[in-house]
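Dear colleague,

I am handing over the structure below, as you are new to it. Please look through it first, and then read the notes underneath.

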Amino acid sequence: MKKVLLLHGKESQPGGSKAQAIKGAGFELINPDLRTGWAEALQIAQDAVDIHQPDVVVGSSRGGAIAVNIDTNGAPRVLIAPAWNMFGSADTVPSNTVILHSEADKIVPFEDSVDLSSRSGAKLVSVGAGHRMSDSEALSAMVSYL
């Protein structure tokens, strides 16, 4: 069974709609609690990668920034409205990264994902109804890239 590490956003918590969609699709889910400061959240996420060796790392909003700033040990990333320009220092990702972002996002500018995609050669998919990316179209897209 494929293991998915899900790094939730700043205003989110483990077990939300993305976690339910991943589990519902039959994947093994690792979903640590990142409701802490930036440095500690980075360490929690890196420890989760090192211990669980996920097949895919999914990061949403601040969790997307965390995913950009850790070593996934080669696991591809699926970034959902990643707030990489607001948190951390990394400004590129491996080219096997997929970025899902809504053009209607009012919290993290869609243009930030256009920029990250063009810098990195990552695939950018315009999908979803807003920043939360919890609508069925966004959740289906996320699951399809796992």
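What follows describes the nonpolar cores and then the pockets.

Please keep in mind that this is a predicted model. The largest nonpolar core holds 21 residues, and those with the most contacts inside it are Leu-5, Leu-7, Val-57, Ile-66, Ile-70 and Leu-79. At least two residues of this core come from each of strand E1 (3-7), helix H2 (38-52) and helix H3 (62-68), with H2 giving the largest share, five residues. Ile-66 can serve as an example, for, leaving aside its neighbours within four places in sequence, Ile-66 is in contact with Leu-7, Leu-34, Trp-38, Ala-41, Leu-42 and Ala-45. There is also a second, separate core of 20 residues, which includes Leu-6, Val-78, Leu-100 and Val-127.

Turning to the pockets, the largest has a volume of about 220 Å³, and of the 14 residues that line it, Lys-10, Glu-11, Ser-61, Ile-107 and His-131 are the closest to its centre. The lining of this largest pocket is made up of five nonpolar, five polar and four charged residues.

The second largest pocket encloses about 170 Å³ of space and is lined by 15 residues, with Ser-12, Gln-13, Gly-16, Ser-17 and Lys-18 lying nearest its centre. Helix H1 (residues 17-24) gives the most to the lining of the second largest pocket, namely three residues, and by class this lining has 10 polar, three charged and two nonpolar residues.

With kind regards

Methods
Residues numbered from 1 in each chain as written. Predicted model: local features only at pLDDT ≥ 70, side-chain atom pairs only at ≥ 80, totals over all residues. Heavy atoms only, no water. Core = buried A, V, L, I, M, F, W, Y, C linked by side-chain atoms within 4.5 Å. Buried < 20%, exposed > 50% of the residue type's maximum accessible area, 1.4 Å probe, protein only. Helix = DSSP H or I, 4+ residues; strand = E, 2+ residues; numbered from the N terminus. Contact = heavy atoms within 4.5 Å. 1 Å grid on protein atoms, 1.4 Å probe; cavity = no way out; pocket = protein on both sides within 12 Å on 5 of 7 lines; lining within 4 Å. Points joined across faces, edges and corners; volume = space filled by probe spheres on them. Nonpolar A, V, L, I, M, F, W, Y, C, P; charged D, E, K, R; others polar.
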